[in-house]
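Visitor: I am new to this structure. Please take one part of the surface and look at it closely with me, then move on to the ligand.

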Amino acid sequence: MAKPAEGPRRSPPSVPRSPNLPQTELPVVSHLMSRFNVAFSLMSIIPLLTCFYLITVRFFSISILEGINGIYFLLALVIALLGLFAGQQLIRDIIRQLVEANTKLARLNEQQAAFVSNVSHEFRSPLAIFKGSLDNLADGLHGPLTPDQQEPLQMCQKEVNRLARLVGDLLDLSRIEAGKLPMQRQDVVLQETLSAVGKLFGGLLRERGLSLAMELPEEPARLVGDRDRLQQVFVNLFANGVKFTERGGLRVRLLKDSGAFQVEVEDTGPGIPQEDLERVFDKFERVGTGGEEGSGLGLPIARDIVELHRGRIWAESRLGQGSRFIVRLPAAGTG
Ligand code: ADP
(Lines give C-alpha, C1' and ligand atoms only; values in the text may rest on other atoms or scores of the structure.)
Protein backbone atom coordinates (compact mmCIF):
# COMPACT_ATOMS: atom_id res chain seq x y z
CA MET A 1 0.00 0.00 0.00
CA ALA A 2 1.36 3.38 -0.94
CA LYS A 3 1.85 5.67 2.03
CA PRO A 4 2.23 9.18 0.66
CA ALA A 5 1.87 10.91 3.98
CA GLU A 6 4.86 8.99 5.27
CA GLY A 7 6.84 9.25 2.05
CA PRO A 8 10.37 10.56 1.87
CA ARG A 9 10.50 14.13 3.03
CA ARG A 10 13.29 16.60 2.96
CA SER A 11 14.22 17.16 6.55
CA PRO A 12 15.17 20.67 7.55
CA PRO A 13 18.86 21.24 8.05
CA SER A 14 19.96 20.89 11.66
CA VAL A 15 20.63 24.17 13.44
CA PRO A 16 23.66 24.37 15.67
CA ARG A 17 23.13 25.56 19.22
CA SER A 18 26.56 27.09 19.71
CA PRO A 19 29.15 28.70 17.44
CA ASN A 20 31.51 25.84 18.33
CA LEU A 21 31.27 22.52 16.65
CA PRO A 22 27.78 21.27 17.58
CA GLN A 23 27.29 17.93 19.27
CA THR A 24 25.18 16.68 16.35
CA GLU A 25 28.10 17.10 13.93
CA LEU A 26 30.71 15.31 16.06
CA PRO A 27 29.87 11.80 14.82
CA VAL A 28 30.52 13.03 11.27
CA VAL A 29 33.98 14.25 12.26
CA SER A 30 34.85 11.15 14.24
CA HIS A 31 33.64 8.92 11.40
CA LEU A 32 35.78 10.78 8.87
CA MET A 33 38.72 10.79 11.29
CA SER A 34 38.53 7.07 12.00
CA ARG A 35 38.45 6.34 8.25
CA PHE A 36 41.38 8.68 7.80
CA ASN A 37 43.30 7.01 10.67
CA VAL A 38 42.83 3.57 9.12
CA ALA A 39 44.11 4.82 5.75
CA PHE A 40 46.96 6.61 7.53
CA SER A 41 48.01 3.48 9.45
CA LEU A 42 47.92 1.44 6.26
CA MET A 43 50.15 4.03 4.61
CA SER A 44 52.67 3.83 7.49
CA ILE A 45 52.86 0.04 7.24
CA ILE A 46 54.47 0.20 3.80
CA PRO A 47 57.76 1.98 4.81
CA LEU A 48 57.93 -0.11 8.01
CA LEU A 49 57.59 -3.35 6.08
CA THR A 50 60.18 -2.14 3.59
CA CYS A 51 62.67 -1.43 6.43
CA PHE A 52 61.91 -4.79 7.99
CA TYR A 53 62.36 -6.56 4.68
CA LEU A 54 65.70 -4.80 3.98
CA ILE A 55 67.02 -5.69 7.44
CA THR A 56 65.88 -9.31 7.33
CA VAL A 57 67.31 -10.03 3.89
CA ARG A 58 70.45 -8.10 4.99
CA PHE A 59 70.44 -5.68 2.09
CA PHE A 60 72.21 -3.34 4.44
CA SER A 61 74.13 -4.10 7.60
CA ILE A 62 72.90 -2.87 11.00
CA SER A 63 76.20 -0.98 11.23
CA ILE A 64 74.64 1.62 8.95
CA LEU A 65 72.78 2.84 12.04
CA GLU A 66 76.00 3.47 13.94
CA GLY A 67 77.88 6.79 14.20
CA ILE A 68 76.91 9.76 12.04
CA ASN A 69 74.82 7.57 9.75
CA GLY A 70 72.72 6.51 12.71
CA ILE A 71 72.09 10.15 13.62
CA TYR A 72 71.04 10.91 10.01
CA PHE A 73 68.78 7.90 10.04
CA LEU A 74 67.16 8.89 13.33
CA LEU A 75 66.81 12.49 12.11
CA ALA A 76 65.12 11.30 8.92
CA LEU A 77 62.84 9.06 10.95
CA VAL A 78 61.85 11.90 13.30
CA ILE A 79 61.23 14.29 10.38
CA ALA A 80 59.13 11.67 8.59
CA LEU A 81 57.09 11.04 11.74
CA LEU A 82 56.62 14.78 12.33
CA GLY A 83 55.54 15.16 8.69
CA LEU A 84 53.02 12.38 9.08
CA PHE A 85 51.74 13.87 12.34
CA ALA A 86 51.49 17.37 10.80
CA GLY A 87 49.65 15.90 7.80
CA GLN A 88 47.23 14.16 10.10
CA GLN A 89 46.57 17.39 12.06
CA LEU A 90 46.12 19.34 8.84
CA ILE A 91 43.56 16.90 7.50
CA ARG A 92 41.77 16.87 10.85
CA ASP A 93 41.58 20.70 10.76
CA ILE A 94 40.32 20.68 7.18
CA ILE A 95 37.58 18.22 8.11
CA ARG A 96 36.57 20.37 11.10
CA GLN A 97 36.52 23.54 9.01
CA LEU A 98 34.41 21.87 6.32
CA VAL A 99 31.93 20.64 8.91
CA GLU A 100 31.75 24.11 10.48
CA ALA A 101 31.22 25.75 7.08
CA ASN A 102 28.55 23.21 6.27
CA THR A 103 26.82 23.88 9.58
CA LYS A 104 26.86 27.64 8.97
CA LEU A 105 25.40 27.14 5.49
CA ALA A 106 22.69 24.88 6.88
CA ARG A 107 21.83 27.54 9.49
CA LEU A 108 21.72 30.24 6.80
CA ASN A 109 19.52 28.05 4.63
CA GLU A 110 17.16 27.46 7.52
CA GLN A 111 16.96 31.19 8.31
CA GLN A 112 16.31 31.98 4.66
CA ALA A 113 13.54 29.36 4.45
CA ALA A 114 11.95 30.72 7.65
CA PHE A 115 12.12 34.26 6.25
CA VAL A 116 10.47 33.25 2.95
CA SER A 117 7.80 31.34 4.85
CA ASN A 118 7.03 34.25 7.23
CA VAL A 119 6.97 36.88 4.48
CA SER A 120 4.70 34.72 2.29
CA HIS A 121 2.40 34.16 5.24
CA GLU A 122 2.23 37.91 6.02
CA PHE A 123 1.46 38.68 2.36
CA ARG A 124 -1.52 36.36 2.20
CA SER A 125 -4.08 38.35 4.22
CA PRO A 126 -3.52 41.76 2.60
CA LEU A 127 -3.54 40.09 -0.82
CA ALA A 128 -6.86 38.43 -0.06
CA ILE A 129 -8.27 41.85 0.94
CA PHE A 130 -6.95 43.49 -2.28
CA LYS A 131 -8.37 40.68 -4.35
CA GLY A 132 -11.78 40.81 -2.68
CA SER A 133 -12.00 44.60 -3.01
CA LEU A 134 -10.94 44.53 -6.67
CA ASP A 135 -13.47 41.78 -7.42
CA ASN A 136 -16.21 43.84 -5.74
CA LEU A 137 -15.25 46.88 -7.79
CA ALA A 138 -15.24 44.82 -11.00
CA ASP A 139 -18.65 43.34 -10.12
CA GLY A 140 -20.03 46.89 -9.83
CA LEU A 141 -20.77 46.61 -6.10
CA HIS A 142 -19.58 50.20 -5.61
CA GLY A 143 -21.36 51.56 -8.65
CA PRO A 144 -20.93 51.17 -12.39
CA LEU A 145 -17.46 51.54 -13.94
CA THR A 146 -16.61 53.61 -16.97
CA PRO A 147 -14.66 51.83 -19.78
CA ASP A 148 -11.62 53.94 -18.78
CA GLN A 149 -11.75 52.50 -15.28
CA GLN A 150 -12.23 48.91 -16.38
CA GLU A 151 -8.87 48.47 -18.08
CA PRO A 152 -6.64 49.46 -15.11
CA LEU A 153 -8.90 47.48 -12.80
CA GLN A 154 -8.47 44.32 -14.91
CA MET A 155 -4.70 44.88 -14.92
CA CYS A 156 -4.70 45.16 -11.12
CA GLN A 157 -6.81 41.98 -10.83
CA LYS A 158 -4.43 40.08 -13.11
CA GLU A 159 -1.38 41.19 -11.14
CA VAL A 160 -2.95 40.51 -7.75
CA ASN A 161 -3.89 37.01 -8.93
CA ARG A 162 -0.35 36.43 -10.16
CA LEU A 163 1.10 37.66 -6.86
CA ALA A 164 -1.32 35.46 -4.89
CA ARG A 165 -0.22 32.42 -6.94
CA LEU A 166 3.45 33.26 -6.36
CA VAL A 167 2.92 33.68 -2.62
CA GLY A 168 0.98 30.40 -2.50
CA ASP A 169 3.80 28.62 -4.36
CA LEU A 170 6.47 30.07 -2.06
CA LEU A 171 4.51 29.00 0.99
CA ASP A 172 4.00 25.48 -0.40
CA LEU A 173 7.67 25.16 -1.21
CA SER A 174 8.85 26.36 2.19
CA ARG A 175 6.41 23.93 3.88
CA ILE A 176 7.63 21.06 1.70
CA GLU A 177 11.27 21.87 2.43
CA ALA A 178 10.55 22.02 6.16
CA GLY A 179 8.74 18.66 5.88
CA LYS A 180 5.55 20.40 7.09
CA LEU A 181 3.23 20.12 4.10
CA PRO A 182 0.08 18.42 5.40
CA MET A 183 -0.70 15.41 3.19
CA GLN A 184 -4.02 13.59 3.24
CA ARG A 185 -4.37 9.88 2.72
CA GLN A 186 -7.40 9.58 0.49
CA ASP A 187 -8.62 7.18 -2.16
CA VAL A 188 -7.83 8.82 -5.46
CA VAL A 189 -9.08 7.77 -8.86
CA LEU A 190 -6.77 9.32 -11.41
CA GLN A 191 -9.44 9.45 -14.15
CA GLU A 192 -11.52 11.73 -11.90
CA THR A 193 -8.56 13.97 -11.09
CA LEU A 194 -7.52 14.29 -14.75
CA SER A 195 -11.07 14.94 -15.94
CA ALA A 196 -11.50 17.65 -13.29
CA VAL A 197 -8.28 19.34 -14.42
CA GLY A 198 -9.37 19.01 -18.07
CA LYS A 199 -12.64 20.80 -17.20
CA LEU A 200 -10.75 23.55 -15.36
CA PHE A 201 -8.74 24.29 -18.49
CA GLY A 202 -11.61 23.86 -20.98
CA GLY A 203 -12.32 27.58 -21.30
CA LEU A 204 -8.69 28.62 -21.60
CA LEU A 205 -7.96 25.94 -24.21
CA ARG A 206 -10.96 27.09 -26.29
CA GLU A 207 -9.93 30.73 -25.91
CA ARG A 208 -6.48 29.87 -27.25
CA GLY A 209 -7.74 27.60 -30.02
CA LEU A 210 -5.95 24.57 -28.57
CA SER A 211 -7.26 21.00 -28.53
CA LEU A 212 -7.32 18.56 -25.64
CA ALA A 213 -7.22 14.78 -26.20
CA MET A 214 -7.62 12.52 -23.17
CA GLU A 215 -6.88 8.80 -23.34
CA LEU A 216 -8.12 7.35 -20.08
CA PRO A 217 -8.70 3.61 -19.54
CA GLU A 218 -12.13 2.39 -18.34
CA GLU A 219 -10.80 0.57 -15.29
CA PRO A 220 -10.47 3.05 -12.38
CA ALA A 221 -6.83 3.90 -11.66
CA ARG A 222 -6.91 3.87 -7.85
CA LEU A 223 -4.20 5.02 -5.53
CA VAL A 224 -3.88 6.41 -2.03
CA GLY A 225 -2.79 10.01 -1.81
CA ASP A 226 -3.75 13.65 -1.39
CA ARG A 227 -6.42 14.45 -3.98
CA ASP A 228 -5.89 18.23 -3.98
CA ARG A 229 -2.11 18.00 -4.08
CA LEU A 230 -2.19 15.51 -6.97
CA GLN A 231 -4.61 17.79 -8.77
CA GLN A 232 -2.13 20.63 -8.18
CA VAL A 233 0.57 18.58 -9.96
CA PHE A 234 -1.60 18.11 -13.06
CA VAL A 235 -2.83 21.72 -12.96
CA ASN A 236 0.82 22.84 -13.10
CA LEU A 237 1.54 20.53 -16.04
CA PHE A 238 -1.61 21.55 -17.95
CA ALA A 239 -0.91 25.24 -17.21
CA ASN A 240 2.59 24.96 -18.67
CA GLY A 241 1.31 23.05 -21.69
CA VAL A 242 -1.27 25.74 -22.42
CA LYS A 243 1.13 28.58 -21.64
CA PHE A 244 3.90 27.41 -23.95
CA THR A 245 1.80 26.02 -26.82
CA GLU A 246 0.68 28.32 -29.62
CA ARG A 247 -0.70 25.76 -32.10
CA GLY A 248 -2.01 22.23 -31.71
CA GLY A 249 -2.86 21.28 -28.16
CA LEU A 250 -2.46 18.85 -25.29
CA ARG A 251 -2.68 15.08 -25.21
CA VAL A 252 -3.09 13.32 -21.89
CA ARG A 253 -2.63 9.56 -21.50
CA LEU A 254 -3.08 7.34 -18.49
CA LEU A 255 -1.40 3.93 -18.53
CA LYS A 256 -0.91 1.16 -16.00
CA ASP A 257 2.07 -1.18 -15.81
CA SER A 258 3.75 -3.25 -13.11
CA GLY A 259 2.02 -1.78 -10.08
CA ALA A 260 2.30 1.84 -11.14
CA PHE A 261 0.22 4.37 -13.04
CA GLN A 262 1.80 6.57 -15.63
CA VAL A 263 0.28 9.89 -16.65
CA GLU A 264 1.72 11.62 -19.70
CA VAL A 265 0.91 15.25 -20.44
CA GLU A 266 2.17 16.08 -23.89
CA ASP A 267 2.01 19.34 -25.81
CA THR A 268 2.89 20.60 -29.26
CA GLY A 269 4.81 23.61 -27.94
CA PRO A 270 8.39 24.70 -28.61
CA GLY A 271 9.94 21.87 -26.60
CA ILE A 272 12.79 22.03 -24.10
CA PRO A 273 16.49 21.60 -24.97
CA GLN A 274 17.87 18.21 -23.82
CA GLU A 275 20.41 19.86 -21.50
CA ASP A 276 17.58 21.68 -19.66
CA LEU A 277 15.24 18.72 -19.12
CA GLU A 278 16.47 18.21 -15.53
CA ARG A 279 17.04 21.89 -14.79
CA VAL A 280 13.37 22.82 -15.31
CA PHE A 281 12.60 21.02 -12.05
CA ASP A 282 14.94 23.30 -10.09
CA LYS A 283 13.56 26.26 -8.17
CA PHE A 284 13.23 29.54 -10.11
CA GLU A 285 14.64 27.96 -13.29
CA ARG A 286 13.12 29.21 -16.52
CA VAL A 287 14.53 28.14 -19.85
CA GLY A 288 14.01 29.39 -23.37
CA THR A 289 12.13 32.54 -24.23
CA GLY A 290 8.59 31.33 -24.99
CA GLY A 291 5.57 31.53 -22.73
CA GLU A 292 4.24 34.22 -20.46
CA GLU A 293 5.89 35.21 -17.26
CA GLY A 294 6.03 32.62 -14.51
CA SER A 295 7.67 32.03 -11.18
CA GLY A 296 9.69 28.94 -12.03
CA LEU A 297 8.15 27.17 -9.03
CA GLY A 298 5.42 25.05 -10.65
CA LEU A 299 7.62 22.11 -11.64
CA PRO A 300 9.72 21.96 -8.42
CA ILE A 301 6.48 21.85 -6.41
CA ALA A 302 5.07 19.19 -8.75
CA ARG A 303 8.22 17.08 -8.30
CA ASP A 304 8.11 17.42 -4.50
CA ILE A 305 4.45 16.41 -4.35
CA VAL A 306 5.00 13.43 -6.65
CA GLU A 307 7.99 12.31 -4.56
CA LEU A 308 5.91 12.63 -1.38
CA HIS A 309 3.62 10.08 -3.09
CA ARG A 310 6.66 7.84 -3.72
CA GLY A 311 6.41 8.59 -7.39
CA ARG A 312 8.63 10.05 -10.05
CA ILE A 313 8.26 12.85 -12.58
CA TRP A 314 10.45 13.67 -15.54
CA ALA A 315 10.34 15.40 -18.89
CA GLU A 316 11.06 14.32 -22.44
CA SER A 317 11.14 16.65 -25.38
CA ARG A 318 12.03 17.24 -28.99
CA LEU A 319 12.88 20.82 -29.78
CA GLY A 320 10.33 22.37 -32.09
CA GLN A 321 7.92 19.44 -31.67
CA GLY A 322 6.76 19.61 -28.07
CA SER A 323 7.31 18.37 -24.53
CA ARG A 324 6.02 15.39 -22.61
CA PHE A 325 5.86 15.37 -18.81
CA ILE A 326 5.58 11.92 -17.31
CA VAL A 327 4.35 11.18 -13.80
CA ARG A 328 4.62 7.67 -12.34
CA LEU A 329 2.71 6.91 -9.16
CA PRO A 330 2.46 3.61 -7.29
CA ALA A 331 -0.99 2.05 -7.54
CA ALA A 332 -3.02 1.29 -4.39
CA GLY A 333 -1.90 -1.95 -2.79
CA THR A 334 1.71 -1.65 -3.99
CA GLY A 335 4.88 -0.26 -2.41
P1 ADP B 1 6.95 28.66 -14.76
O2 ADP B 1 6.16 27.98 -15.80
O3 ADP B 1 6.13 29.41 -13.77
O4 ADP B 1 8.08 29.48 -15.30
P5 ADP B 1 7.71 25.98 -14.00
O6 ADP B 1 8.52 25.49 -12.84
O7 ADP B 1 6.35 25.42 -14.16
O8 ADP B 1 7.67 27.56 -13.87
O9 ADP B 1 8.53 25.69 -15.32
C10 ADP B 1 9.91 26.01 -15.36
C11 ADP B 1 10.35 26.25 -16.77
O12 ADP B 1 10.30 25.02 -17.53
C13 ADP B 1 9.47 27.19 -17.57
O14 ADP B 1 9.78 28.54 -17.33
C15 ADP B 1 9.82 26.79 -18.99
O16 ADP B 1 11.04 27.39 -19.36
C17 ADP B 1 10.02 25.28 -18.88
N18 ADP B 1 8.78 24.54 -19.24
C19 ADP B 1 7.92 23.97 -18.38
N20 ADP B 1 6.92 23.35 -19.04
C21 ADP B 1 7.15 23.55 -20.36
C22 ADP B 1 6.47 23.15 -21.56
N23 ADP B 1 5.35 22.43 -21.52
N24 ADP B 1 7.01 23.54 -22.74
C25 ADP B 1 8.16 24.25 -22.76
N26 ADP B 1 8.84 24.65 -21.68
C27 ADP B 1 8.36 24.31 -20.49
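Guide: Start with Leu81. At 54% relative accessibility, Leu81 counts as exposed, because the cut-off for exposed is over 50%. Keep in mind that this is a predicted model. Leu81 is found in helix H2, which covers residues 67-138. Leu81 also belongs to a nonpolar surface patch. Phe73, Leu74, Leu77 and Leu84 make up that patch together with Leu81. The area of the patch is about 450 Å².

Now turn to the ligand. There are 18 residues around it. Asn240, Lys243, Asp267, Arg286 and Val287 come nearest. Three of these names return in the polar contacts below.

Take Lys243. An N or O atom in the side chain of Lys243 is 2.8 Å from an oxygen atom of the ligand. Next is Asp267. Here the ligand offers a nitrogen atom, 2.8 Å from an N or O atom in the Asp267 side chain. Then comes Arg286. A polar atom of the Arg286 side chain lies 2.7 Å from a ligand oxygen atom. How much of the ligand does the protein bury? Taken alone, the ligand exposes 530 Å², and the protein buries 96% of that.

Look next at the shell as a whole. By kind, the residues of the shell divide into 8 nonpolar, 6 polar and 4 charged. Helix H5 (227-244) supplies at least two of the shell residues. So do helix H6 (298-308) and strand E7 (322-330), each with at least two.

Definitions and conventions: Residues are numbered from 1 along each chain as its sequence is written. This is a predicted model: local features need pLDDT of at least 70, side-chain atom pairs count only at pLDDT 80 or more; totals for chains, interfaces and linings use all residues. Side-chain values use heavy atoms; hydrogens and water are left out. A residue is near a molecule or strand if one of its heavy atoms lies within 4 Å of it. A polar contact is a pair of N or O atoms within 3.5 Å; within protein, one must be able to donate a hydrogen and the other to accept it, and residues adjacent in sequence count only if both atoms are side-chain atoms. Accessible areas come from the Shrake-Rupley method with a 1.4 Å probe; for residues, only the protein chains shown count as cover. Helices (H or I, at least four residues) and strands (E, at least two) are DSSP runs, numbered from the N terminus. Ala, Val, Leu, Ile, Met, Phe, Trp, Tyr, Cys and Pro count as nonpolar, Asp, Glu, Lys and Arg as charged, and the others, Gly among them, as polar. Patches are made of residues with over 30% relative accessible area and no salt bridge: like charges are joined within 9 Å, nonpolar side chains (Val, Leu, Ile, Met, Phe, Trp, Tyr) within 5 Å. A salt bridge is a side-chain nitrogen of Lys or Arg within 4 Å of a carboxyl oxygen of Asp or Glu. Buried means under 20% relative accessible area, exposed over 50%, partly exposed in between (1.4 Å probe, protein chains only).
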